Amino acid sequence: MRPNRIRTSTAAKIYGVDPPFLIEKVRLGQYPIGIYEKRGKRAHVVIQTNLVAQHLGRSIAEIDAAVEEIEGGETVEKGV
């Protein structure tokens, strides 16, 4: 099962913009692709695959293929 979350830098590459630009658009609500939370001085952005696919009008399979191509098959396993 694939995770429903993608990295901000990967989502920025899919959109063709810089990560700070994407974060600002999510913060302002212009890109409804995730959640922007600010606690103190740090901000936390969660980009969801299904929302990116819906916003771009693409299938989740296309977004998964783009993520695989950009990240090169990296997998992060916790506890290993």
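In helix 2, which spans residues 19-28, the buried positions are L22, K25 and V26. Viewed down the axis of helix 2, these buried residues fall within an arc of 100°, and they therefore line one face of the helix. Their packing partners are helix 1, strand 2 and strand 3. Immediately after helix 2, G29 adopts a positive phi of about 85°. The model described here is a predicted one.

The protein comprises four helices and three strands. Read from the N terminus, its elements follow the order β-α-α-β-β-α-α. Of the 80 residues in the protein, 25% are buried. Among contacts between residues at least 6 apart in sequence, 41% connect residues at least 24 apart.

The three strands assemble into an open sheet with the order 1-3-2 and antiparallel pairing. Strand 1 and strand 2 are the edge strands, each pairing on one side only. Strand 1 (residues 5-6) is joined to strand 3 (residues 42-48) by two bridges, and the two strands run antiparallel. Within this pairing, I6 has I47 of strand 3 as its bridge partner. On the other pairing, strand 2 (residues 34-39) is connected to strand 3 in the antiparallel sense over six bridges. Here I35 is located opposite V46 of strand 3. Strand 2 and strand 3 also constitute a hairpin, with two residues between them. In the turn of this hairpin, G40 has a positive phi of about 70°.

Two salt bridges are present in the structure. In one of them, the side chains of E24 and R27 meet at an N to O distance of 2.6 Å. Both residues belong to helix 2, and because they are three residues apart, about one helical turn separates them. An α-helix has 3.6 residues a turn, so residues three or four places apart point the same way. As for solvent accessibility, E24 is partly exposed, with a relative accessible area of 33%. R27 is likewise classed as partly exposed, at 41% relative accessibility. The helix that carries this salt bridge also contributes the buried residues L22, K25 and V26.

A further salt bridge links R39 with E37, the closest N and O atoms lying 3.6 Å apart. R39 is exposed, its relative accessible area being 65%. E37, by contrast, counts as partly exposed because its relative accessibility is 30%, which falls short of the value over 50% required for an exposed residue.

Side chains of opposite charge can pair when their charged atoms come close. E71, situated in helix 4 (residues 60-71), is buried yet takes part in no salt bridge. For E71, the nearest side chain of opposite charge is that of R7, at 4.1 Å. A salt bridge requires a side-chain nitrogen of Lys or Arg within 4 Å of a carboxyl oxygen of Asp or Glu, and the E71 and R7 pair therefore does not qualify. The side chain of E71 instead makes a polar contact of 2.8 Å with the side chain of T10. When residues up to four places away in sequence are set aside, E71 touches R7 and T10.

Helix 1 (residues 8-15) includes K13. This lysine is classed as exposed on account of its 57% relative accessibility. Although K13 and V67 are 54 residues apart along the chain, their C-alpha atoms are separated by 9.2 Å. Helix 1 is, in addition, one of the elements against which the buried residues of helix 2 pack.

Conventions: Residues numbered from 1 in each chain as written. Heavy atoms only, no water. Buried < 20%, exposed > 50% of the residue type's maximum accessible area, 1.4 Å probe, protein only. Pairing = 2+ DSSP bridges. Lys, Arg positive; Asp, Glu negative; His and termini not counted. Polar contact = N/O pair within 3.5 Å; in protein donor to acceptor, adjacent residues only side chain to side chain. Contact = heavy atoms within 4.5 Å. Arc of directions from axis to C-beta.
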